[in-house]
Amino acid sequence: MYRQLGIDTFIQQQLGNWDMAREHYNDLRQVRQKTFAFSGYTIEAQYNPRRIISSSARVDEKSIRERPCFLCRQNRPAEQLELPFEEDYLILVNPYPVFDKHFTIPSVEHQPQEIRGRFGVMLNLAAYLQDYALIYNGPRCGASAPDHFHFQAVGKKELPLLRDFNAMRNTRPVASTRGIKIFGWNNYLRYPVTFMGAERNELERFFDLLYLVLLREMNTAEEPMMNILTCYTGEDWVVHVFPRKKHRPSQYFESAEKQILLSPASIDMSGILIMPRENDFDNITANDIKDIYNQVVLDCRMVNRMISQLVNQDL
Ligand SMILES: [Zn+2]
């Protein structure tokens, strides 16, 4: 039913019948935002107290085991509507929004947060939700439910990195292979592997190769730490994969006035730092921002090396 009505109608219908979600979306009007200028681009900070739940989520195994999963149907609020996508996914209005259109897209089944085998679905979702950027946060890279698979979707006009990419600010094409164009980033604080193309199968193949390179470079048997942003232009998919080396920066674990409660995920990687505490928002400096990105992302040199391995198929 909702598919015909369209996604906007789905949101309106949901906000019409769910008081808590409506209240939280109304609260977005009071969100404070400020901008930091860097060389050729900007980073924004958003003070958003509702996000404390996600930013401070305890994601260790014991805490996860002992809490009811908020993405499983039996634990979700009765008012929450579902828009099915393919057989295995549900589009849900996120009751803790960062932007005025914000979805959580869990798998129907309670299965762990793992991107392998699901990247194709991400491409399909991006093509279905063309005004949106699809988001994947790895289990140790900002996902607040590492035990229940989920994507998110937010309006793509909201994300600074996507605007920078469209304007080719601090990025340029560095190679192409099998119909896929690959882009590198310079002086940008975070260094995604960006690739675009129109052939779904080639993109999936490229992603699988990238996954193998990440596994090797990070020397891990678990899922390599990453955030992913994907959107569809009408012709091409554009994918930004952010290799990560750390879940949360040291500032997160400090005490008293040294603490900055910031748990970086895809939206932060895109250039909007979500800050649930006003004091942190008021006091954060450009140097803190640089330091936080430096701690959690893989540096430019390593990412460039991975890109050249991918292009040369030196695997
Ligand atoms: Zn679950």
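Which spacing do the donors of the zinc ion follow along the chain? The spacing is C-x2-C-x37-H-x37-H.

The model is predicted, with local features requiring pLDDT of at least 70 and side-chain atom pairs counting only at pLDDT 80 or more, while totals for chains, interfaces and linings use all residues. Residues are numbered from 1 along each chain as its sequence is written, and side-chain values use heavy atoms, with hydrogens and water left out.

**View 1. Coordination of the zinc ion.** Cys69 (SG), Cys72 (SG), His110 (ND1) and His148 (ND1) coordinate the zinc ion at 2.1 to 2.3 Å (donors are N, O and S atoms within 2.8 Å of the metal, or 3.2 Å for Na, K and Ca). The arrangement is tetrahedral because the four donor atoms subtend angles of 98 to 122° (for four donors, all angles must lie between 85 and 135 degrees).

**View 2. Burial of Cys72 and His148.** Cys72 counts as buried at 10% relative accessibility, and His148 counts as buried at 0% (buried means under 20% relative accessible area and exposed over 50%, with partly exposed in between, for a 1.4 Å probe and protein chains only).

**View 3. The buried and exposed residues of helix 2.** In helix 2 (residues 7–17), Ile7, Phe10, Ile11, Gln14 and Leu15 are buried (helices are DSSP runs of H or I with at least four residues, numbered from the N terminus). These residues lie on the same side of helix 2, because they cover an arc of only 125° around the axis (the arc is that of the directions from the helix axis to the C-beta atoms). Exposed Gln12 and Gly16 are carried on the face turned away from the buried side.

Terms used
Tetrahedral: all angles 85-135°; square planar, octahedral: opposite > 155°, others 65-115°. Helix = DSSP H or I, 4+ residues; strand = E, 2+ residues; numbered from the N terminus.
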